[in-house]
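Please look over the sequence and the model shown here before reading the report that follows. The report starts with a single residue and then turns to the ligand and its surroundings.

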Amino acid sequence: MSAVLQPLEAHLEALTIERLDAVCAVEQRAYSHPWTRANFIDSMAAGYHCQLLMGGDTLIGYFVAMKGVDEVHLLNFTVAPEFQRQGWAPMLLQALGGWSRAQGAQWLWLEVRESNGRAQAVYLRHGFRSVGLRKGYYPAAGSQRENAVVMSLHLNESASAWGALQ
Ligand SMILES: CC(C)(COP(=O)(O)OP(=O)(O)OC[C@H]1O[C@@H](n2cnc3c(N)ncnc32)[C@H](O)[C@@H]1OP(=O)(O)O)[C@@H](O)C(=O)NCCC(=O)NCCS
């Protein structure tokens, strides 16, 4: 079932312990191999940039990003199933791009499952390029593994594709 919220009703906030139940509930519904609660707690403890997109008290989506020297690595990027296909992913990507630029990063990097064509299409639309493959990077059904497509985006080249939210 989908749910609709207007962009003006949405705001970004940092992930806190109080929001973890909601995040884990969405994570469970969004992925075949979801992150655990411990993965999110570790990310907060490590100081990663963990941002939630909220519509009032309702969780729309979130991302977790790790800052490197001149790059940012996107570790988790999720829109809750009931809010997918409504244009929230671009809003999260703009927030990510703005924060990354403010950190002085030149590049954004991410891995995405080879079978996840939908996410790859969203990233390609926002200027990411596929730059490699990591063999057997992800767990898959049974004891199988799935390749990751490595994607990157040069932040200076992508200013126009990322709109004004920077
Ligand atoms: C990948 C993901 C983040 C994309 O989020 P999203 O919010 O659905 O992305 P968008 O809003 O840009 O929408 C994508 C699709 O909806 C369409 N769309 C966007 N806004 C729309 C609107 N207002 N009305 C109707 N359709 C719309 C887009 O054209 C696009 O269509 P397509 O997939 O047929 O090409 C989301 O599907 C997700 O969380 N998936 C599960 C977790 C995951 O795979 N994360 C990525 C891990 S690397």
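## A residue in a loop

Where does Ser115 lie? In this predicted model, Ser115 is found in the loop between E5 and H4. With a relative accessible area of 57%, Ser115 is exposed, because residues over 50% are placed in that class.

The side chain of Ser115 takes part in a polar contact of 2.7 Å, and its partner is the side chain of Glu146. Ser115 can also be related to Asn147, which is 32 residues away along the chain, with 8.5 Å between the two C-alpha atoms.

## The ligand and its pocket

The ligand sits in the largest pocket, and 20 residues surround the ligand, of which Phe77, Val79, Arg85, Gly87 and Asn116 come nearest. By residue type, this shell divides into 11 nonpolar, five polar and four charged residues.

Which elements supply at least two residues each to the shell around the ligand? They are strand E4 (71-79), helix H3 (88-102), strand E5 (107-113) and helix H4 (117-125). The largest share comes from H4, which provides five residues of the shell.

## Polar atoms facing the ligand

Three close pairs of polar atoms can be described for the ligand, and they differ in the part of the residue that is involved. A nitrogen atom of the ligand lies 2.7 Å from a backbone N or O atom of Phe77, whereas for Gln84 an N or O atom of the side chain is 3.4 Å from an oxygen atom of the ligand. For Gln86 the backbone is again the part concerned, with an N or O atom 3.5 Å from an oxygen atom of the ligand. The ligand taken alone exposes 940 Å², and the protein buries 69% of that area.

## Strand E4 and the loop that follows

Thr78 has its place in strand E4, one of the elements that supply at least two residues of the shell around the ligand. Is Thr78 buried or exposed? Its relative accessibility is 2%, so Thr78 counts as buried, the limit for that class being under 20%. The side chain of Thr78 makes a polar contact of 2.7 Å with the side chain of Tyr31, and another polar contact, also of 2.7 Å, joins the side chains of Thr78 and Asn76.

Arg85, which is among the residues that come nearest to the ligand, is placed in the loop between E4 and H3. Its relative accessible area of 71%, for which only the protein chains count as cover, is over 50%, and Arg85 is therefore classed as exposed. The backbone of Arg85 has a phi near 65 degrees, a positive value in a residue other than glycine.

## Strands E5 and E6, with His33

Arg113 belongs to strand E5 and, at 16% relative accessibility, counts as buried. Which side chain does that of Arg113 meet in a polar contact of 3.4 Å? The partner is the side chain of His33.

His33 can also be related to Pro139, which has its place in strand E6 (residues 129-139). Pro139 and His33 are 106 residues apart in sequence, while their C-alpha atoms are 7.5 Å apart in space. Pro139 is partly exposed, because its relative accessible area of 34% falls between the limits of 20% and 50%.

## Two residues of helix H4

Helix H4, which provides the largest share of the shell around the ligand, includes both Gly117 and Gln120. Gly117 is partly exposed, with a relative accessible area of 42%, whereas Gln120 counts as buried at 14% relative accessibility.

Each of these residues can be placed against another part of the chain. From C-alpha to C-alpha, Gly117 and Lys67 are 26 Å apart in space, and 50 residues separate them in sequence. For Gln120 and Val150, which are 30 residues apart along the chain, the separation of the C-alpha atoms is 9.9 Å.

How values were computed. Residues numbered from 1 in each chain as written. Predicted model: local features only at pLDDT ≥ 70, side-chain atom pairs only at ≥ 80, totals over all residues. Heavy atoms only, no water. Near = heavy atom within 4 Å. Polar contact = N/O pair within 3.5 Å; in protein donor to acceptor, adjacent residues only side chain to side chain. Areas by Shrake-Rupley, 256 points an atom, 1.4 Å probe, with all protein chains shown as cover. 1 Å grid on protein atoms, 1.4 Å probe; cavity = no way out; pocket = protein on both sides within 12 Å on 5 of 7 lines; lining within 4 Å. Sits in = over half its atoms within 2 Å of the grid points. Helix = DSSP H or I, 4+ residues; strand = E, 2+ residues; numbered from the N terminus. Nonpolar A, V, L, I, M, F, W, Y, C, P; charged D, E, K, R; others polar. Buried < 20%, exposed > 50% of the residue type's maximum accessible area, 1.4 Å probe, protein only.
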